[in-house]
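Here are some notes to read alongside the coordinates. Please keep the structure open as you go through them.

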Amino acid sequence: MKMFQLCFLLVVVSTLLCPFTNSTNDDEGKALVEIKASFGNVVNILGDWDKLQNGDFCAWRGVFCDNISLSVVSLNLSNLNLGGEISPSIGDLKNLQSIDFHGNKLAGQIPDEIGNCAALVHLDFSDNLLYGDIPFSLSKLKQLEYLNLKNNNLTGPIPSTLTQIPNLKYLDLARNQLSGEIPRIIYWNEVLQYLGLRGNQFTGTLSPDMCQLTGLWYFDVRGNNLTGTIPESIGNCTSFEILDISYNQITGEIPYNIGFLQVATLSLQGNKLTGKIPEVIGLMQALAVLDLSENELVGPIPPILGNLSYTGKLYLHGNKLTGPIPPEFGNMSKLSYLQLNDNQFSGTIPAELGKLEQLFELNLADNNLEGPIPHNLSSCSALNQLNVHGNRLSGAIPSGLRNLESLTYLNLSANNFKGIIPFELGRIINLDTLDLSGNDFSGPVPDSIGDLEHLLTLNLSNNHLKGPLPAEFGNLRSIQIIDVSFNNFSGSLPAELGHLENLISLILNNNHMDGEIPVQLTNCFSLSNLNISYNNFSGTVPPIRNFSKFPPESFVGNPMLCGNWLDSICSPSAPKSRAMFSHIAVICMTVGFITLSCMIVVAVYKSNQQRRLLQDSKKSVQGPPRLVILHMGMAIHTFDDIMRFTENLNEKYIIGYGASSTVYKCTLKNSRPIAIKRLYNQYTHNIQEFETELETIGSIRHRNIVSLHGYALTPYGNLLFYDYMQNGSLWDLLHAKADDNSIMEAVDPEVSVTCLDANHLKKTFQLALLCTKHYRSERPTMHEVARVLLSLLPAPPAKPKPASVPLKPIDSTQFVIDTENQQQQANRGQQESNSSDAQWFLRFREVISNNTL
């Protein structure tokens, strides 16, 4: 009976409580929907937060409910890239025990309603964009143990009411914009274990009460504006394991009783501490990291620091420490980082450092150290960075450094090292920085340096190195900076440097290098800093790609180098300078004016002719090089393409010469070859010839005449682009047929049917040969050619003649003989030639230039 009554009572209680539970769940579901509405960027993130499609909010993403009451106890929406703000409706989730919104882009203020979540134990709003004050309502969260608000934009002071949270163990407010003094009452929280306040704007001093935090193991106030001294009672903070008061404005000396701490990390760097390093620090056996750098400490390093056998990082750089480097450092078997740079240490580098097998970084730069680098330093097999810049070290580079296979940074600059650069340096295969500048190294650079495939920076400047730059430098495919300035390098610049696609800076000034600038350097598309000044380079600065952007200062001091700067012997672009006359020509004209009046006339004539050339040249090459396309086969090409295919008209692509032109072979992107005729534009008649040929050939379409594909006006000369004839040139054909008298084989089959007179054909060949003469004065004009060909035509049938005077034909044989006689009289002064065909051909072969137009 009693059992029945008990069951009945439970049923009644459950019936009475059900409406209350359902009401609570409805309120929480509504609160979640309102929280979602305040967020941004939720379409693809909180898509399941939809009561219409899924009424069970306990199954929504990031929502965790109690198994019995079904109320929300945890909300985890971390690292979802959510924007918007935190809704005040979060205070309606009164059973929440954990909220984690860290790693989003939430802005706005922390809502005061957060204080209504009375059961909250864990609260993390870190790594967002929250601003405003820390709400006082947080003090109502009596169960809160974990509060993380770091990496936001919170302002104002730390609310003193935070000390009213009795169970708070973890408080991280780092990297905000909080200000004011650190409330002293916060130091009386006996349960606080972690206090992170770094990266704010706190002022005031370090309170002696800080050691009242008897349960605290992490104390970090790095990067604030704290002043004053380190409290003398610091030795009483026996629970501290990490103490970081770095980058403040702490003054005074390091207290002696700091040695009583059992911390693993002691960071005091970036303050204004003075005095000596207390010897008692050598008794802090738990130290793993000791950082006293960037202060104003003086005196020697206490040798007792060598007893810190568990210390892995020792930073003493940026002080005014003096004396020798203690050899006792060789006993610090766990030492990985040793930074003693920017002090006033003297003496030698202790050989005992070679015993540090775990040493990863050794920085001794900018001291007064002397002597050689210890050979046994090569025993530090883990060494990754070695920097001894700015000392007085001397001797040679130890060849044993080749054993440092992990070394990536080697800086020996600004010392007194001598001798040659050892070949073994090229065996440190992981080097990314090699700086040997500012020493007395001599001799050539070993080719093995080219094997350092990971090298990013190579600085050999300010030495006495000589010889040519190794062509193996072209193998440094990762290199970004090469500086070999202020040496005695000679020889030409290796064309292999054109392979260095990542090269940003190439500094070669103040050497004795010569030759032309390799056009391959224009392939270094990343090159933004070039200095080849004060060498003996010659030729012309390539006017294409990034070379056109370098200032004149990059090239000055090369007497034979042509470019667009003051005192250059020439200009790469004629319209940019009116100084087309050489100094010699000016002197000659001046002497002519003084001596003979007839020379004045000649000088004036030459000057006018030169001025017209300058004007014509301006018309030809005004502005940057321009390619004009006349044939669809070249439609996808640019002038830079043509220059790249021919390596800036390199001589290896030459297939023939003429008196005023050179012919190159170029293979296009579609593998089709073309011929490029380059007409030099320093002579007036060459410009006229270019215009005539462009007008004539460009208007003719015949199967026996090569097609003109395009032309370009460039500082290199005017360029004409023709079909490439694989079976040789007209010159080859004419002379081959003249040699073996097989004239009829060269005649078009259609012509040979109607023209069977071999004598007429031979006379036509004679005329064609005259047209291939080397000098323009030796070639007949087109008017004369037309008259000769007219004389070979058969007499036309009789018919009425027009009233105009007919063109007078001339005898072809006599014309050839007369032309040859004029040539012989002008150039050789020899006896007139025999007029027979065979003898004429013999003499002709002796004077004709064996070149292709």
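The points below go from model confidence to one loop residue, then to aromatic pairs, salt bridges and a stretch of paired strands.

1. **Confidence first.** Please bear in mind that this is a predicted model. The mean pLDDT of the protein is 80, and 72% of its residues reach 70 or more. Two stretches deserve some care. Over residues 6-21 the pLDDT stays under 50, and the model has one contact there beyond four places in sequence. Residues 600-622 also have pLDDT below 50, yet this stretch has 37 contacts beyond near neighbours in sequence.

2. **A loop residue to look at.** Where does L70 sit? L70 is in the loop between strand 2 (63-65) and strand 3 (72-76). Its relative accessibility is 42%, so L70 counts as partly exposed. Leaving aside neighbours within four places in sequence, the contacts of L70 are N25, E28, F57, C58 and C65. For C58, which is 12 residues from L70 along the chain, the C-alpha separation is 7.5 Å.

3. **A stacked tyrosine pair.** The model has 13 aromatic pairs. One to display is Y194 with Y218, a stacked pair with 4.1 Å centre to centre and 0 degrees between the planes. Y194 belongs to strand 12 (residues 194-196) and Y218 to strand 14 (residues 218-220), so the pair ties together parts that are 24 residues apart in sequence. Are these two tyrosines buried or exposed? Y194 has a relative accessibility of 14% and counts as buried; Y218, with a relative accessible area of 13%, is buried too.

4. **A phenylalanine pair further along.** F417 and F441 also form a pair: the ring centres are 6.3 Å apart and the planes are at 10 degrees, so the pair is stacked. Here F417 comes from strand 30 (residues 416-419) and F441 from strand 32 (residues 440-443), so parts that are 24 residues apart in sequence are tied together. Both F417 and F441 are buried.

5. **The aromatic cluster.** I would colour Y146, Y170, Y194, W217 and Y218 together, as they form one aromatic cluster. The stacked pair of Y194 and Y218 thus has its two members in this cluster.

6. **Salt bridges that form a network.** There are nine salt bridges in the structure. In one of them, the side chains of R198 and D220 meet at 2.5 Å, N to O. R198 is in the loop between strand 12 and strand 13 (201-203), while D220 is in strand 14, 22 residues apart. D220 has a relative accessible area of 2%, so this residue is buried. In another, D244 pairs with R222, with 3.6 Å between the closest N and O atoms. D244 lies in strand 15 (residues 242-244) and R222 in the loop between strand 14 and strand 15, so this pair, too, ties together parts that are 22 residues apart in sequence. D244 counts as buried at 6% relative accessibility, whereas R222 is partly exposed at 23%.

7. **Another salt bridge, and the shared partners.** R392 forms a salt bridge with E370, the closest N and O atoms being 3.9 Å apart. R392 is in strand 28 (residues 392-395) and E370 in strand 26 (residues 368-371), 22 residues apart. R392 counts as partly exposed at 47% relative accessibility, and E370 is partly exposed at 39%. Which residues are joined into one network by salt bridges that share partners? They are R198, D220, R222 and D244.

8. **Strand 40 and its neighbours.** In a regular strand the side chains alternate between the two faces of the sheet. Strand 40 (residues 536-540) shows such alternation: F537 and G539 point to one face and are buried, while N536, S538 and T540 point to the other and are not buried. Strand 38 (residues 512-516) runs parallel to strand 40, with three bridges joining them, and E516 stands opposite S538. Strand 41 (residues 560-562) is also parallel to strand 40 and joined to it by three bridges; there, L561 is the bridge partner of G539.

Terms used. Residues are numbered from 1 along each chain as its sequence is written. Side-chain values use heavy atoms; hydrogens and water are left out. pLDDT is the predictor's confidence in each residue, from 0 to 100. Contact means heavy atoms within 4.5 Å. Helices (H or I, at least four residues) and strands (E, at least two) are DSSP runs, numbered from the N terminus. Buried means under 20% relative accessible area, exposed over 50%, partly exposed in between (1.4 Å probe, protein chains only). Rings of Phe, Tyr and Trp (its six-membered ring) pair if their centres lie within 6.5 Å; planes under 30 degrees apart count as stacked, over 60 as edge-to-face and the rest as tilted. Two strands pair if DSSP finds at least two bridges between them. A salt bridge is a side-chain nitrogen of Lys or Arg within 4 Å of a carboxyl oxygen of Asp or Glu.
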